[in-house]
Amino acid sequence: MLKVLLLFALLLAGIVVGPMVAGHQGYVLIQTDTYNIETSVTGLVIILILALVVLFAVEWLLRRIFHTGARTRGWFTGRKRRRARKQTEQALLKLAEGDYQQVEKLMAKNADHAEQPMVNYLLAAEAAQQRGDEARANQHLQRATELAGHDPIPVEITRVRLQLARNENHAARHGVDNLLEITPRHPEVLRLAEQAYIRTGAWNSLLDCLPSMAKAGVGDEAHREALAQQAWIGMMDQARAEGGSDGLKTWWKHQSRKTRHQAALQAAMAEHLIECDDHDTAQEILLDGLKRQYDDRLVLLIPRLKTNNPEQVEKALRQQIKTQGDRPLLWSTLGQSLMKHGEWKEASLAFRAALKQRPDPFDYAWLADTLDRLQQPEEAAAMRRDGLMHTLQNNPPQ
């Protein structure tokens, strides 16, 4: 501005002083219907320059006025932002205290002026849901949806979380399916998928999620193995509910060889078949599993079998004793099997072999029963006494 005024001053000096020195300032006539304006060229130039100066002054004044208005608006806006920031900090403290009513109030108030308005509305929605106000939760979630723009994932995750809290399990499963298409390895999405699939019995979908859960580090290996076991047992329950024993066997045949050779699943399948009163198929699965690999879970189910071919079971157990060594569980199981068809002498020898390695009150009781059958009441009474003493030593009276 100063440079422009200096330039006009120099120009004015040149125009005014030059003609005055020369003695020729010229003549200008401006004529209208009612007025005649007469002046010199120098005077006209001075008038024009003064008009420009006035225009510049008016412009400067208007700019100052409007700039002051903008600064005033900025001050008010900044004040609201500072207030929103402070309220957000207070809301986080209330969240740690579990005061969800205050969390919702502070998060929603001035949320539009917060640094991340969508986050404020999402937290307000969850706080409202925590205190059971679904209507308010939906309002906050709707406002967050409007602010989401091109990043709908946080909003949809919150929506699924609220649906699970309301037991809207099938709606939550639908939301999880959509989220997994967008972000298949998002840890929180996978955690929500686990809940939704378990609640809706979507066992195949749960199994499909396990590799992604491993890559995303969701849960440890033991947790994922437990989920896999739960999913397989869930599918067995569905097959049994739909087709009974025949449906269960058909489902089992359609599984991969790798699946059918897992000891945990063999034990679960055999247990389901025993509950369906299909003991022959259960026995076949248990003995086949033991041939491939020894597992206590398979042996523990053998006494529950009502088999028409006990010799096959006893032969398999004796073979396991030869290959695995003197395991007390194998001897005890063999003894229980021999008792079922009256081989009391052999059964007593099996129970003695089991007790020789570790005392067990059940084995003491079974051995006493076999000794009664063998007409040895004194030794039977001694075995019952030893079993009682062992029980009292391990479970002293309070």
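Which residues of helix 16 are buried? Buried here means under 20% relative accessible area, with exposed set at over 50% and partly exposed in between (1.4 Å probe, protein chains only). The list for helix 16 is L330, W331, S332, T333, L334, G335, Q336, S337, L338 and M339.

Some ground rules before going on. This is a predicted model, in which local features need pLDDT of at least 70 and side-chain atom pairs count only at pLDDT 80 or more, while totals for chains, interfaces and linings use all residues. Residues are numbered from 1 along each chain as its sequence is written, and side-chain values use heavy atoms, with hydrogens and water left out.

**The overall picture**

The protein has 19 helices and 2 strands. Both are DSSP runs numbered from the N terminus: helices are H or I with at least four residues, strands are E with at least two. Of the 398 residues, 37% are buried. The protein exposes about 24100 Å², and carbon and sulfur atoms supply 54% of that; accessible areas come from the Shrake-Rupley method with a 1.4 Å probe, and for residues only the protein chains shown count as cover. Take the contacts (heavy atoms within 4.5 Å) with a separation of 6 or more: residues 24 or more positions apart account for 50% of them.

**Helix 16 and its surroundings**

Back to helix 16, which runs over residues 328-340. Its 13 residues reach 19 Å from first C-alpha to last, close to the 18 Å expected at 1.5 Å a residue; the expected span is 1.5 Å times one less than the number of residues. Because 10 of its 13 residues are buried, helix 16 is largely enclosed by the rest of the structure. The cover over those buried residues includes helix 14 (296-301), helix 15 (310-324), helix 17 (344-357) and helix 18 (361-373). After helix 16 comes G342, with a positive phi near 75°.

UniProt, in an unreviewed entry, places "repeat: TPR" at residues 328-361. Its positions are given in the numbering used here, feature names are shortened, and annotations may be inferred rather than shown by experiment. In the model, that span is 82% helix and 0% strand, and its end C-alpha atoms lie 13 Å apart.

**D369 and the salt bridges**

D369 sits in helix 18 and is partly exposed at 33% relative accessibility. Leaving out residues up to four places away in sequence, D369 touches M339 and R384. D369 and A380 are 11 residues apart in sequence, and their C-alpha atoms are 7.0 Å apart in space.

Side chains of opposite charge can pair when their charged atoms come close. A salt bridge here is a side-chain nitrogen of Lys or Arg within 4 Å of a carboxyl oxygen of Asp or Glu, and a search of the whole structure finds 18 of them. Here are some of those pairs.

| Salt bridge | N to O distance |
|---|---|
| R191 and E188 | 3.4 Å |
| K249 and D246 | 3.9 Å |
| R384 and D369 | 3.1 Å |

The R384 and D369 pair links distant parts of the chain, with R384 in helix 19, D369 in helix 18, and their positions 15 residues apart. R384 is partly exposed at 37% relative accessibility. Salt bridges that share partners also join E126, R161, E188 and R191 into one network. Within that network, R191 and E188 both lie in helix 8 (residues 187-200), 3 residues apart, about one turn of the helix. R191 is partly exposed at 38%, and so is E188, at 23%.

K249 and D246 are 3 residues apart in helix 10, so about one helical turn separates them. K249 is partly exposed at 25%, whereas D246 is exposed at 53%.

**Loops worth a look**

Most residues other than glycine have a negative phi, and most peptide bonds are trans. D277 has a positive phi near 65°. D277 lies in the loop between helix 12 (263-275) and helix 13 (279-292) and is exposed, at 55% relative accessible area. Q375 also has a positive phi, about 60°, although it is not a glycine. Its loop runs between helix 18 and helix 19 (377-394), and Q375 is exposed at 67%.

Is Q255 buried or exposed? Q255 is buried, with a relative accessible area of 16%, in the loop between helix 10 (221-253) and helix 11 (257-260).
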